[in-house]
Amino acid sequence: MLMPNRTKWRRNHRLSYEGHAKAGTYIAFGQYGLVADEGGYLSSNELEAARVAMTRYMDRGGKVWIRVFPQLNKTAKPLEVRMGSGKGAPDHWVAVAQKGRILFEVGDVDEATAREALRLGANKLSVKTRFVKKGEAK
């Protein structure tokens, strides 16, 4: 499970996933990519499940790059606890994905394999995505 080694604050504020991404909007490493069509939070479990699905389909033949990292923690209070008495403890880690952000990249495979692998990975994610090729317009 992906998580940062250390953070500046134990419980941070929520980051907005509204609007368009300013960075990470082009394919930098592979030939094919999966771009977010809407904003949202992607949990570290979702990212790991998508990575496993893609690498298994490619028979560990190609290369997969994860372009987002879960660096925002989400807090939760325990069940049946009364209101008040501060913010809850960190529960899980999420990555903030804005519209237009490249989530995954795939390389060293043909287009049909990459398209199917990214489709299987996209099924594990909670945001709408689409397949893009290197050099394609946003």
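Glu111, Arg115 and Lys133 are joined in a network of salt bridges in this predicted model. A salt bridge is counted when a side-chain nitrogen of Lys or Arg lies within 4 Å of a carboxyl oxygen of Asp or Glu. Within the network, the side chains of Arg115 and Glu111 meet at 2.9 Å, N to O. Both residues belong to helix α2, where a spacing of 4 residues separates them by about one helical turn. Helices (H or I, at least four residues) and strands (E, at least two) are DSSP runs, numbered from the N terminus. Arg115 is partly exposed at 41% relative accessibility. Glu111 is partly exposed as well, at 28%. Here buried means under 20% relative accessible area, exposed means over 50%, and partly exposed lies in between (1.4 Å probe, protein chains only).

The model is predicted, so local features need pLDDT of at least 70 and side-chain atom pairs count only at pLDDT 80 or more, while totals for chains, interfaces and linings use all residues. Residues are numbered from 1 along each chain as its sequence is written, and side-chain values use heavy atoms, with hydrogens and water left out.

The salt-bridge count comes to 6. Asp37 pairs with Arg130, the closest N and O atoms being 2.9 Å apart. Asp37 sits in the loop between β1 and β2 (40–43), and Arg130 in strand β7 (residues 129–133), so this bridge ties together parts that are 93 residues apart in sequence. Asp37 is partly exposed, at 29% relative accessibility. Arg130 is partly exposed too, with a relative accessible area of 31%.

Another bridge lies in helix α1 and links Arg51 with Glu48. The closest N and O atoms of Arg51 and Glu48 are 2.6 Å apart. The two residues are 3 apart in helix α1, which puts about one helical turn between them. Arg51 counts as partly exposed at 28% relative accessibility. Glu48 is also partly exposed, at 29%.The overall fold has 2 helices and 7 strands. Along the sequence these elements follow the pattern β-β-α-β-β-β-β-α-β. The C-alpha atoms fill a box of roughly 55 × 30 × 25 Å, taken along the principal axes. The protein has 138 residues, of which 38% count as buried.

The largest nonpolar core contains 23 residues. Such a core is a set of buried Ala, Val, Leu, Ile, Met, Phe, Trp, Tyr and Cys residues joined through side-chain atoms within 4.5 Å. Leu42, Met54, Leu103, Phe104, Val106, Leu118 and Leu125 have the most contacts inside this core. At least two core residues come from each of β1, α1 (44–57), β5 (89–97), β6 (102–107) and α2 (111–122). Helix α2 gives the most, with 4 residues.

On the surface, Arg10, Arg11, Arg14 and Lys87 gather in a patch of positive charge. Patches are made of residues with over 30% relative accessible area and no salt bridge; like charges are joined within 9 Å, and nonpolar side chains (Val, Leu, Ile, Met, Phe, Trp, Tyr) within 5 Å. Lys and Arg count as positive, Asp and Glu as negative, and His and the chain ends are not counted. The place of a charge is taken as NZ of Lys, CZ of Arg, CG of Asp or CD of Glu. Arg11 is found in the segment before β1 (32–36). Its relative accessible area is 35%, so Arg11 is partly exposed.

Positive phi values occur at two loop positions described here, Ser85 and Asp108. Ser85 is a residue other than glycine, yet its phi is near 55 degrees. Ser85 lies in the loop between β4 (72–76) and β5. With 70% relative accessibility, Ser85 counts as exposed. Asp108, likewise not a glycine, has a phi of about 65 degrees. The loop between β6 and α2 holds Asp108. Asp108 is exposed, at 61% relative accessible area.

Gly86 is also found in the loop between β4 and β5. Gly86 is exposed, with a relative accessible area of 51%. Its C-alpha atom is separated by 40 Å from that of Val64, and the two residues are 22 apart along the chain.

Terms used
Areas by Shrake-Rupley, 256 points an atom, 1.4 Å probe, with all protein chains shown as cover.
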